Structure formats: C-alpha cells, structure tokens
Amino acid sequence: MTALLSLDAFAVHYRTRSGPLRAVDGATMAVPPGSITGLVGESGCGKSTLARAVMGSLPDVAKVAGGRMMFEGQDITHLPERARRHLRWRRMAFVPQTAMNALDPVQRLLGHFFEVLQGRGGLSRPVARARAAELFGLVGLNPDRLADYPHQFSGGMRQRASIALALALDPALVIADEPVTALDVIVQRQVLDVLLALQARLNLSVVLVTHDMAVVAYTCDRVAVMYAGQIVESGSVRAVLEAPLHPYSMGLTHAFPDLQGSEAALVPIEGAPPSLLNPPPGCRFAPRCPFAQERCRTVPPPLVAQNGHAVACWRADEAVALRGLAAEPATWAAMALV
Amino acid sequence: MRRLLLDRLGHLAFVLWAVASLSFLLFRLAPGDPTLNFLSPTFTEETRAVLLRSFGLDRPLWEQYGLYLLNLLRGDLGMSFLQGRPVLSLLAEALPNTIVLTVVSLGAAYAFGIVAGAFLAFRRGGAVEAVAIPAALATRSAPEFWLGMLLLTGLAFQTGWFPTGGALSPGMPAGTLGSRLVSADFWWHLALPALTLALYLQGLPLLLMRATMLEVLSDEFITMARMKGLSRWSIVMRHAARNALLPVATAFALGLGASIGGNVVVETVFGWPGIGRVLVEAVQSADYPLAQGAFVMIAAALVLMNTVADLAYAMLDPRVSVGARR
Amino acid sequence: MPCWTRGCPSVRGASAVFRLLRNEPFAAVGGLIYAVVALVALLAPLIAPYNPREILRTGRRVARYMPVSAEYWLGTTSSGRDVLSQVIYGTRAALLVGLTAAVAVVAIGTVLGLLSGYLGGWVDKAVTRGADVVLGLPFLPSMLVVAALTRPGTAVIIGSVALLLWPNTARVIRAQVLSLRERAWVDAARMTGCSSTRIMFVHILPQVLPLAALYGSVAIGWAILAEASASFLGFGDPETVSWGVMLQEAYANQALSRGAWNWFTPPGVAIVLMVMAGFLISRGSEKLLFPKLAEQ
Amino acid sequence: MRPVLLTTLLTTLLSTLAAPAGWAQPAGDPVRALTLLTLPQALSPQEYAAAELVAQSWKELGLTVTVRPLPSQQFNQVVWYERNRWDATTWTMVGRPERSDPDELTYNLFVSANAANGYDFVNYVNPEYDRLAQAQREELDQARRQTLMRQAQELINHDQPYGFMVHPKSLVAFNRTVWDEKTTVQQAGLGIRNFWTWIGLTPKGAQKDIIVNSTTVPTNISPLNIPGAQGSWATELIWDRFMRIGPDGLPQPWAAESVTRPTATTVELTLRDGMKWHDGSPVTIEDAVFSLQAPGIGDKSPMYKPFVANIQQVEATGLRTLRITLKRPDAAFLVSSLSKLNLAPKKVWQPILDDLATKPQTAESIMEPKPLGSGPYRVVSIVLNEQIVLEANPDHWSKPKAGRWIMRIMPNIEAALGALRTGELNFLTDYTGDPVLLRQLGKSNPAIDVSDSLDIGFKFVGYNQRRPPFDDVKFRQALSAAMDRETLAADAWGDAAVPANSWVSPALTFWAVPDILNKLPGKDLEGARRLLKEAGYVLVNGKLHYPAGVKETTPVYQ
C-alpha cells in the first residue's frame, strides 16, 4: 500500500536575525490512504509548521530547506505555486486550530462556502447552496444557520463548520491542526466523533495535529511523535501508545489524561524543548531524557523502522525496561534537579 | 438595531442641544456688540440704541436664550445683521458649496489613501515605504493655506491653467446645486481647492488603511483563504480589504463632519463661497446671527456625522449590529 | 508603601524607548528633529544674527525685501526683518505652543480618562457625555470664535487645543484603564489596601502614559498647525515671532508675487518638519504599543 | 546739520547729567508704557506696518511704546466704547464721493458735542473750533466758507488732536485690451474708480462685462443702508440720486433736472421726465417725496436719518416738482443729502416701513429679494461671498456702454492680482496689497493700465486726550512731529500715499490749506525733542519723564 503522503528528511527553516531556525529538521513519516494519522508533540516542536508545509502555505520567512514530500505519487516538494494552488482544497484541505479567527468575521457562513464551491469547485450558485446545506447536515449543523455570521456560532459549531468547509471539494487528505484544543472536553468528543464518522464514511485520510495523547488514542489509527523538529517515533496507535520505544513517547503517554478522564497520576516531562536555532548535537531529547547516555548526547540516533514501528533512539532495545522506569514519577522528577 | 438607532438619536439630540447652548453662551457673553460695524462719522448714541433694539439685544439674556432655542427648533436662525436676509437662506447658499468641496476632496483623498495604503501594506519595509510614508506625512503636516498658495502660484497665477478663486467664472448664473454640478466651469474652479484639501486629507486614510490592512493580513482567516487556493486578488478584495475598510469607512464619516468646519482656511485662500468663509466673515464683522447660525450648522453637521459614523460602523460590522440586536 | 510597583511592567519602558530609537528609523528621525528644534530654541540668542523683531534699515529707508545675501542669509521681510532670525526664534514659539498644548491635552485627557475608566458610574457618564459634546464642537471654527471674541493670541490657541482635543486621549485612556483594572495586580493592590487614588495614579497611570504620550506627540503637531491657521485668518498674536505669523505676514504681503521664496518657504518647511516629527514618533511607537503590528 | 547735531549732543549730555544727579533739571514720574492700537496685519498690512514705524519713532523720544493689534470688532469696541482705556490708535477715514465736501468730517470729527458718544472719540474739545465748524456749515458764500474751513484746519494743525499720517492713493488697474482707456473718467479725490467710469467705460471687443473685485463682503444692498465702501459702488449704480458728485467734485443735477435754492432754507427740485423703475413702472413725484422722507420715519433708518435730520418739510409742488424746507441753513445740503439719498420706490418701501413700525428691526436689515431701483444698472443676482451681478439698464437716460457690471468677492488679494493677469478680472478696484507689485504688473504687461489718484480719505493716529500726557498740546505736537511721514508713505504704503497733516485731502484743492505739511509744529524728530523740552519733559537714562512735579496716575493699557 503506497502512502498518500510521505515525507522524507523533510526540513523547513525560518529566516531570523540570529540565523536559520530549524522548525522542521529532517521529518520522516508516511500517511496511508483512508487512515487517521496523529501528529503529536509539545507546542513549539514544529508540528504546525509541518502541517502548513504540507498545505504549501508557509509564512514568507519560512522555506523548505531539504528533504522530499510526495503526495498522491507526485513530488510536491518544490511544486510551483500555480500547480500547488491547484491541489489546495481540491485534493488536500485544512481544519484550522482556532476557528474563531479562521473564518472571516464580516462574511456569512454561506459566503465562505460559495467562495470555495463556486470559486474553486466551479459549481453554480444553486448547486453550491445545496451542497453547502448538505455539508452542514453532514457535520450535524442546521443548514438554516448558513446565513449567520461566524461570531453567532459557538466554538464547537464553528469547528464543525470548518470541517464541513474542509470537506467541500472532496479532498483526499484533510489536515486538522489542533481542531479541538480550544474546546471543552465534552464538545471535543462531539467534534472528534463527527470527524471520525466522516472519515469512515468518505474514506478520508486525515492528519490530526495535536499535543494531546488522549485525542490521538481516541481517534487515530497511526501516530507520529514529533520532538524539536524531528519525528522521533511513528507507528500504529496501538504499538506506540501501549509499547512506546522512545522515552519522549513514554513521557507523553503519562503527561495527559485520557478523554475518559482516568484517575491515573499525571507525570510532567521536566524542562523545555531545546532552541531550534542551536539544537543539541546528539539526540535532541537527551538533555531532558532520564535515560540519556554519553552517545545520546553526541551522536544523533537514526530513525529505524521495524514492523512498521519506527523509532530514533539509541536505547530502543532496552525499551521494555525503560518503560517500567518511565512509569515512576520519581524518574522524571529527578530531571528537575539536574 | 432599532434600539441602537433610538439610543443614538437620543444622544444626538442631547449633544445638539449642548452644542447649541454653548454657542449661544459663547456669542452672547463675548464683549463688544454688533453696532460697532456701523461706526461712521454720523453714528450716534441713538443710532446705537435703535440698532441694539432692532437686533433684539436689549432683552434679558435668558429671554434671548429661550427665544433662540425655540427659533432653532423651528429652523429659524434669525436675520443676518448685515446682509438683510434670513441666516438660513444665506447658509443654504453656502452649505452646498462646502459639501461639494468636502465630499469631492475627501472622496479623492480616501480613494487615493485606500489604494496607496493597501499597496504600502503589501510592500512593507521596502524602499517605497521609506519614501511614501514620509511624503504622506509631510503633505499632512503642511499648513493648508501654505500648500494652497504654492499650488495657486504654480497652477493659476503663473500658468493660468486654473482659475484664481471663486466657484464660478464671473457672471455665470449662480444657479442651483444641480446646475452647478453639471457645469464644467464649476468643476474647473473646484479643482485646486479640492486638490489642496485632498493632499492635506490623504495622510489619514493612507496610514489607517495600511495599518489595518497589515493587521488584517496577519489574521488567521487570510492564511486560511490562501490555503483554500483562492487567488491573491480575491484574498485582498474579498477578505483583507473588506475587513480593513471598516475603520476607514468610519474615519470617512468622521472626516466628513470635521471637514465641513475645517475647510475655513482653504475656502479663504481660494475664495470658495462656502460655509466656513461665511463663519469667518461673520465673526470678523460681528454678524452674530450669521456667525452663530454658521457655527451651529457646522457643529450640527459634525455631530450628525459622528452619529452616522457610529451607525455606519454598526451596520458594516456584523459583530456590533447583531450584538445590539440581542 | 510596598504595594505592587515591582510587579508592574512599567520598568520595560526605558529599554523599550532605547530599542525604539535603534530599530525605528522613523521615530529616531522624529526625535532628532525635536532635539534640533529644542537646541535651536535654547541657543536662539546666540545663533540668530539679528533681533527678530528689529526693523532693519539701510540708511533712512527700511531694509525691505532684501534678497539672500551674506548679510541676510535668508533675506528680509516686507517690514525689514531678518527672515533667518525669525525662523530661529520661531522654534521657541513652536515649542511653547506645541508642548504646552500637548501637555495640557495629555493631562486633561489622561486624568479624565483615568477617573472615568476606573471609577465608572456617574463620573464615567459625565466624562463620556462631556467628551461627546466637545467632539461635537468643530475644532477650527470654535477656536476662531473664541479667539475673535476674547483676546487673540497664543493663550487662546493653547487653551482651545487643550479644551477641544482632550476627548480623543480620554477615550483611549479610558478603554485602556477599563482593561487594566481587571488585571490581577490591580486586584492584588486593592487587597493590600491601596486607596483608589493611589491605584489610579501610582499603578495604572504609568501603564497608560506611553499611550497618552502618543496622543501628546500628535497634539504638538495639531497645536502648531492650529496656530498657523489662526494666524492666517488674522486671529494670531503678531507680536510673537512664530512660523505661523511669519507665513501670515508673507501671505498678507504677497511674498510669492514678490518672488520672495526665501521668505515664504522656510517657515512652511519648518512647520512641516516639526509637525511631521510628531507623526513620525507616534508612527514609530505604534509598534511599541500595538505589538501585533511589530511581529510582522 | 551742525546745529541739529549740537542740540542732540546737548540734549543727551543734559539728560545723562540729569539722570544720576537728579538736580540738574527736576523731573516728574516717568511716562508709563504707551500702547498704540491698530488692526491686525491680516486685515491691513499697511496700517500695521505704519503703526510699527510710528512706534519706533516715538521710542526715539524716550517713550516705551507697544503696538497692539486687535481684531476689528474688538478694536472698534475698545476705541468706541472704552474711551478711557486706550492711549492712541490708528484709524482710517475712507473717501466717498459725498465727502468731496469736507463738511461732514469737519463737523463730526472734532466738534466737542461728539466727544462723549460720537465720532470725536479722541475727546478733542476746543470752543473756538466748535464755533468755526458751525459757522462754515451755515455759510452759503463759498469764498467765506473757504476761509472758515482753512481757519479750522490751521487750528487743528496747532492742536494736533490726531497725528495725521497719510492720504492714501487709490491704486486701480484695468485691462486696456478690453476697455478703451479714453473712456475712463478721473474724479477728484476718487480716481477712475467711480460712477462716471462705470457708465462711460466702452468695450473694445467682445468682452462687455466690467468685472471688478472686492476684498470684503458688502453688506445688505438696499437704498436705506450704507453697505461699506465696496457695496456703495453697487448701490450708486442701482439707485438714482437727485444729484451726483461730478468728476470735478461738485454736485450736479442727476435724477433732478434742476435744483435751485430760492432762500437759505428752501431747495426746489424738478424731477427728470420719463424715468422708470427697473420693472418698467414710472418714477413719480410721490416716490421722490417719499425718498426724502423715508429715512426720517421713526427710527427705522439710523444710518440715513442724519442726512434728513435738517429737513423740516417736503412737498410736491407739481407732477415733477417738489420743495424742501430746511430747519437751518445748510451749506453742504446738496452734497451730503441730495447727492447721498437714494431714490427708492414707494410701492416697495412704504409697506416695508409700515410693517416694521411695530417690530424692533430697522429697514436697514431688510433686503428685497431683487432690489428695485431706477439707476443705470439693475440687479441680476447677489450671492454672498461670491459675486454681485448687475446689468445695464437699457431704458436709462444715461445708458452704460458696458453690458454688465460684476463684482467678484475675493478675500485673497494675491488671487485678485492673479485674476487681473489671467483676465478673470478686467478692472481691479479693490487693491489692498503691495503697490509695488501692481505697478510692476502695469510695467511688464502692456494690457494692464495702472492708475493711482489721491484719495479723499486719510489715515491717522488718534491721541486719546482723556489720558495724560495726551491732553498736553506740546506732547501731541511732539508725537506728530516725530512721525516720519515720508518713510510711512514710502515703506508702509509702498509709495502709494502722500504725507498728510489735515483731514482735507490736497485733492480738494479748493478747501485744502496749501503747504499745511510745512506748518506742522516741530516738523521733525529734532523739533519733537525740542517741543518736549520746552514743555518741561525730561530724559532720564534715555526714558522720558513728565515735567517736574507731575505724577503718573494713568494706568497702562491692559
């Protein structure tokens, strides 16, 4: 099964006064068709930049600095803007982080749909209107409210509307960037349920960018864990969540409550991700890793895949033992003293 | 919306009353009296007494005030001391000229400012900006009469391309506003004063447009529009400009009100027969009813446009109007 | 009083100003213009070749319309006064009118904005109403009427600018105060027993001053332009040596027809530069105050 | 030169000696800082410049003098109603055709009866002058009246209640490619800007409109109102008068075919035949009688009332004749009344006056929608701040050669000059700007003809004799002598003025005292110093002090 989207040592750098900031620095991952892939990591680790790079709408100061991006068998790494524009929304769509500002405040919802369906999809006005109503229905919104302005919607409704908007032109891939982060837990579930249902029904591929392991656990088939601009572990959700190979993944699984709100103690990962202007020479997680050794600090570990489960850690062989230690809060707390 | 409207109208009435009263106080408590205009070797104390009585200035102040408010409500601004005609009819002659001058120059200034401001927002940080912004600021910083005289000297006195003043060529029938508006002669006379004002006024819309445009362009929905594969043109026109225009439109309404009184200087330089000049002439010659009438009318225009600006904002920005409906 | 002074972010002010000067060429140019003007004003008697009011003579006749020469660097006026000396002394009037008016606008606007924003209630209502009424008074016409009916001159111009322009400042300050008073450190100050007056003037005031100063720097420009306009219409104070009065004299005496560009141009350029300096500074600091723009 | 130098040396020496010792010549209090009121530069750059030069001269005498310009309204307020408050002020008397007879000014300016509230605002009081002024008014013999008038001028020369500055020249210009310059008419004391030019001016080509300018807005154009100098140019054209001041400065019959004075107190008029109002209806003898009576009805025409105050009775004596009976003999009646009163239609103004009888307003405040007269031009339109358009009245016995007469209101004098250049104006009538520029234009542009003529009006500094030391004749003489009139005329008025020392313009050769300038007491700055010294004033450290024993009790003008 060839991947719908695949990244190979993909890098995006920001131009700053103090030199290039390596927001994404050698990310390798693959998104199979018809699946939901979670892209998980702390804030500032480059997941949003990666998501935007896929959409081909990086800010002016950012540029692709290396690697390769394939989409539907086509190398789109350096695709000219015209061709890129052709793909957008028709083949790949985007559900933004905070739907409040993502919708033009002075345009009615219907206007947003018209813009896409008429302007990009070439539908006639009546057809577009019908399609908009249908899409609203799909995400569980009353089509009557198409005439409303964005601010008249609640957060959850806005997010549903954004999903509907993303599906407007039947894309193969939907990138959802923290789609539920700003919502409360109950609404989060509702919105995720909508997403899940639609994914199944339309056989979509979804990349779900989130910092919340619980969301990944609830929705995703596959997951890629990102740290300091790199993918450190990827694989099926079951494999990565139940048997994480990378200490960072281990830490993450303990750092979040699940959506059911289990009572297990939460263990924070001490410290902050390294500066991407000047990343550490070896494993980037080494400074925060309770299991780091000399080699970890000097030589970057390669991403090695086994049975579809890839990890970049020198001590991946010892994962079973380390998992045990990682479950102890004391292991992580000790790092706070260093 | 209706409640907002009612609220604004009530507010409007209050401000109008306050401004009218202030202007009454201002004019009546000032030293000097209008009989001073009539000084001639044949002027006597009796002459003065007769004149004072004829102007109604021999009555107690509160009585004059009451009468003034009552007349104002009836739209009666009294008789000009010096022109022998009702103030209202004199103002009715002058006001259209001022409105045309204001609307044309403000329109030109905003049309230019919006386009140039939007352009500068795109070309942020470039060499164009380093030249254009100081240039826009400089024209806004120049005293209008100075600018006007430079233009007059260059484009009228020396070259004769434009007339030296007035609104119509000598002997052209004054006509109605409508007939003026279709007369080429009128527009030819309008050109220089309007250009002077426009040069003075363009700075604000330009900078405002640029600033709001920059702000809007950084909004998430602009990024989203790009992701939707919309063309740059459509992004600018449908999203950025529409949002950025909100404050600019409000500023336009405010500017309209402020300019009606602010044209005084330009009207004097170009001999434009507008309401600003009526005010200055009347003030200088102590023609109280005329000066007061002109002042109240200018103030009313200002207050009215302030209210219009409020309402315009509410109407243009769905967030405000819907909020008010609830 | 311990209160919360350290917790307030106002300490950032000084370094921000420094950064501004380095990173903001516009604001730096504006500041430079102000500095030069202030210096010239201070040293006027030393730099000016003549007394600006002195009627210079050549023999018995008045030295009218002398062209640019080594003796008169910018020539003389129709009444035989040295143009350069007048331009130099004009800096004093510009600073007097500009700064006094700006300080007055900022003071009135800030105090009323503070009171109305912090105290709310009837104070707020009264101030907002008052502001609305004042905003309903047309600026130039009101100033002209007051000048014509009282005594024309600098005081009336300064007074008019102060009395007519405060509402803009007050409105902005009020909005700012409304948001500041909800901040945690204000609550904290209130709980540690600070009085309302102290909270307003010791804690909130420093927070809103940069914003007020922004309006002040624009008011400097307004005051100078207002002085020029009033002088032009004959309501200025011809005894003071100011650029506005100079322009008015040049206009009234038809300097342009005389070809006396050396007389008509310098005061106009001086006004443009001075007013522009205010705009430049306020444009520069806009980034300080609206960091959202600065991120671009 | 020598003796002058010597005196200077002596005076300075004396004063420096006197100063530290204090006993050489005993001195009174220092004279307070004096204030010279004037109009703002914006309104009158020449007058303002003159005030500064006068102040500079006075400073040479050891006085402290401040020039204080006031906006016109406040200026009038202070001078007129706060007569105890100010020290000295500049002032202007404008020239009008009716002032070709000096009676009006002679009487009103200096007669003591006018000191309290009237035009003698400087408070000049001299019974001998009062006698002369009254005598000339009642003297019908021109030669004897001339003597009286000259005596009055000599007296004023001695007393110097005013420091006369200059008689301005009125500077006008016209486009000689449009107008035949031979058809302009010079009028004594007015120049070519006069009624006779407006009806005689003949176009050379297709442009038949006389386009003149005014820098100020004329007030209400009405037969019962005096609308300022500029407005009067229009009123003269719209309404006929019984008599007109001719180019020679003497009254000549106009609407009246003949005017006779059978006795000292009666005047008989015969109205011209076939006169019509602009609406085509005939001008009747009732209209004529009404026009002589109307200003005296009630208090409705305060401006014109003084001109009919001496009329006892008016009666129609035939279809075209009427007789006026005066209360007292009045030498100037033909000039100041018959040449001034407008012939107004009774059918229009009787109802207006009747209506006003119960109202506070005066007739001056009424303007007809379209003013109706019988004059050589009729009204087309009047727009405030824009223009007054008149057109030739084809039915008039003295039909103008021009087509229309248009007055443009142009506050910007520079623009007026530009408009003359571009042809937007073809007759520059109101030029308050720099005379040099207009003369230059006349030289460089062959189409522009510039002409100047001596005005009947004059500019002066009034000394407020209520306030010491202005009550002292010697002090006033000294101030007047110190003014350098040549420099004033040259530098303040740009040579468009001649030095003055009387209210009677040298243009009125019959009335003026020849060589009155040379009779000025003291003559110059040196003379001024001498006069002060004679009167006991002392210089201490360069500051002028009162004579010994005199205290300064008058407050400084605030």
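Here is a short chat about a predicted model, its chain D, one contact and its core.

Colleague: Anything to know before I look?
Modeller: Residues are numbered from 1 along each chain as its sequence is written, while chains are lettered from A and ligands numbered from 1 in the order in which they are written. The model is predicted, with local features needing pLDDT of at least 70 and side-chain atom pairs counting only at pLDDT 80 or more, whereas totals for chains, interfaces and linings use all residues.

Colleague: How many helices and strands are in chain D?
Modeller: Chain D has 17 helices and 21 strands, taken as DSSP runs numbered from the N terminus (helices H or I, at least four residues; strands E, at least two).

Colleague: And what box do its C-alpha atoms fill?
Modeller: Roughly 85 × 55 × 45 Å along the principal axes, for chain D.

Colleague: Switching topic, how many residues does each of chains B and D bring to their contact?
Modeller: Chain B brings 48 residues and chain D 52 residues, a contact being two C-beta atoms, placed from the backbone, within 7 Å.

Colleague: Which helix of chain B gives the most there?
Modeller: Helix 2 of chain B, with 6 residues on the side that touches chain D.

Colleague: Which residues does Ala223(C) touch?
Modeller: Leaving aside neighbours within four places in sequence, Ala223(C) is in contact with residues including Val97(C), Gly98(C), Ile157(C) and Val161(C).

Colleague: Last one: what share of chain D is buried?
Modeller: Buried residues are 56% of the 558 in chain D; buried means 20 or more other C-beta atoms within 10 Å of the residue's own, placed from the backbone.

Notes
A residue is buried if 20 or more other C-beta atoms lie within 10 Å of its own, exposed if 12 or fewer, and partly exposed in between; C-beta atoms are placed from the backbone.
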